[in-house]
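Hi,

Here is the structure I promised to send over. Have a look at it first, and then read my notes below.

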Protein chains: 2
Amino acid sequence: MVALPSLRGLQAFEAAARTGSFAAAAEELSISAAAVSQLIRTVEEQMGRQLFHRINRRAVLTEAGVEMLPRLTMAFREIGSVARDLGGDAFRPRLVISVPPSMAMGWLSERIVRFVASHGAADISLRGDDDPVSFDHELIDIRLSYGPHYREHPTEEIVRDAVYPVCAPTLAGATRSDGLASLPLIHTDWGPTGASFPSWRNWFEAAGVETGRAAQRGLSANSSRAALDLAISGLGVALAQGIYCAQALEDGKLVRAAAQSLELRQPYCLTIPERSARRDIVGAFREWLIGECVHAVSSSALGTNK
Amino acid sequence: MVALPSLRGLQAFEAAARTGSFAAAAEELSISAAAVSQLIRTVEEQMGRQLFHRINRRAVLTEAGVEMLPRLTMAFREIGSVARDLGGDAFRPRLVISVPPSMAMGWLSERIVRFVASHGAADISLRGDDDPVSFDHELIDIRLSYGPHYREHPTEEIVRDAVYPVCAPTLAGATRSDGLASLPLIHTDWGPTGASFPSWRNWFEAAGVETGRAAQRGLSANSSRAALDLAISGLGVALAQGIYCAQALEDGKLVRAAAQSLELRQPYCLTIPERSARRDIVGAFREWLIGECVHAVSSSALGTNK
DNA sequence: GAAATAGATAAGATCACCTTATCTTTCGGA
DNA sequence: TCCGAAAGATAAGGTGATCTTATCTATTTC
């Protein structure tokens, strides 16, 4: 890392640019206005670039100054926040979790309360992000993704899920006589990001069944969550991911409608950037999340043909 | 803002904690190891909290140190990045645009190349985020959202869109005789975040038509983009937002299938946090984006009954 | 136009920061 | 087991970045 310019000077510049006046910056930093003026001049000399236009004893930000201000403001605000946390009697650990949007909405937000309950005070933020996320510009402690993106950070495959045909118990009888032929199919639109997820067409191929148009009949839902709800309501057979339907299977709200399953092409992966790896809460959440995923996937996989 | 501790001391702590040794930190900062030791001790005294355990001339991070390290690393990295940009001969302005995921994928990413082409070198990142986004923790320059969230930042309503029944020109003849009764309807699943968007049921109510079950027949798509594609393919009539279908209407790929339209409940809003408002590129993008939105919405609204 | 305000500059003070030197403890070979 | 190398703490003292006070000029405000 190349040597930084005077941090104090940058701080003075940030305060002056943000408040719009050297005098206000001086007050904020509890130093004299002359000191602010000198600090800023020092930075300008070190950087070889004007940050303020000096028009007749009046300071107006240059374009360079305007462009850099927000970034410095964010950086110094973060440092100030760290200082406040350190100075307080006790601080709440912070945990930033990023998962695909489909997981953030239902599955994980339902379960995460259990983690919170068992881990006391912490500021947890759960975000739904599409891949790729930027570990460089955002402070993400742990990222769950479908498939191994992020080879440049420590990444582990945690589980490979599969999809299963599931339906309400009341519909299950019909599958004995003629397979799935008589039941409406619930199609899940995975959306633009999930184009590689298996469809009913793929499933019928795997099962060795000739389908013609049959694989297209039925309802459709715009999320795996919605598809499951339709299936639980008894409206048809959904092709559901194990991790999402495990709970409903355990509760008896759903049953498997056929033994054939279909593995997903990619495993779920967990990425923890080096900077966050040593933190207790990150490690604890990692353990917990892997446990939840493995449990859900394996409990849903009992007694199927992969 | 309360006075920060020694910035130089925090920098020394960050380097030492990240590299794992005072000696390495000293090398990185081009100072002596003794200086690092003293700087860190100074910060510990100012904060009233140990950052390293000193076990027999060996330094091991405390829990507080481990927790704070990633945040400081990010902050100092950003400062370093600012310094590099400032020191270089020319810097590329950075622009972080956040819009709802549905807009990030199709509509905006198609058009934004025109903005890029007319604005030269810039590092633009276009992100699809659900509301609410955090202006406090993320450096977002401009946010487009459906409805006025973010009252705490300068926000302007830019346009109120409506939905229109649209279909391929080849289907349009059928609407003369019996309205929409004989055409398949394409339903758009707005997903969990767009629950307040109008449905075909709402549209028929507004048109004063008794529908019974008719409003439920037809296909469905999981995104407005997919619904439009189905309509263009001639598979039915979609209820499309003006902003999304304007281009297809202009190109003649779609025509309006009925005059009745339905206004969205919320306007589209643009939020620009104070810190970014003065930047040229932000202002330019704001102008451009408002123009694109207004143009798309108004061109799609020609000759309809609101 | 006078007073108040904002910034620049000069000169000198001081304190934060840095170095060198020395000591202790640990660790990795031979 | 012993030795040398490496890591960190501490002391003493140097130096330069940072800060203050004082003074000056231009601008804004009443």
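**Around the DNA**

Let's start with DNA strand D: 24 residues surround it, and A:Ser32, A:Ala34, A:Asn56, B:Phe22 and B:Ala34 come nearest ("near" here is a C-beta atom, placed from the backbone, within 6 Å of the molecule or strand). Two or more residues of that surface come from each of helix H1 (7–19) and helix H3 (33–47) of chain A, and from each of helix H2 (22–29) and helix H3 (33–47) of chain B. Helices (H or I, at least four residues) and strands (E, at least two) are DSSP runs, numbered from the N terminus. H3(A) gives the most to the surface near strand D, with five residues.

Before going on: this is a predicted model, in which local features need pLDDT of at least 70 and side-chain atom pairs count only at pLDDT 80 or more, while totals for chains, interfaces and linings use all residues. Residues are numbered from 1 along each chain as its sequence is written, and chains are lettered from A and ligands numbered from 1 in the order in which they are written.

DNA strand C also has 24 residues around it, the closest being A:Ala34, A:Ser37, B:Ser32, B:Ala34 and B:Asn56. Here H2 and H3 of chain A and H1 and H3 of chain B each supply at least two residues, and H3(B) gives the most, with five. The surface near strand C divides into nine nonpolar, nine polar and six charged residues; Ala, Val, Leu, Ile, Met, Phe, Trp, Tyr, Cys and Pro count as nonpolar, Asp, Glu, Lys and Arg as charged, and the others, Gly among them, as polar.

**How the two chains meet**

Chain A can be laid on chain B with an RMSD of 0.1 Å by a turn of 180° and a shift of 0.0 Å along the axis (least squares on the C-alpha atoms of residues with pLDDT of at least 70 in both). The two copies are thus related as by a two-fold rotation axis. Both use the same surface, as 100% of the contact residues of chain A recur in chain B; contact means C-beta atoms, placed from the backbone, within 7 Å.

Each chain brings 51 residues to the contact. On the chain A side, H1, helix H4 (63–87), strand S9 (219–221) and helix H12 (274–277) each supply at least two residues, and H4(A) gives the most, with 19. That side divides into 25 nonpolar, twelve polar and 14 charged residues.

Cheers

Conventions:
Two residues are in contact if their C-beta atoms, placed from the backbone, lie within 7 Å.
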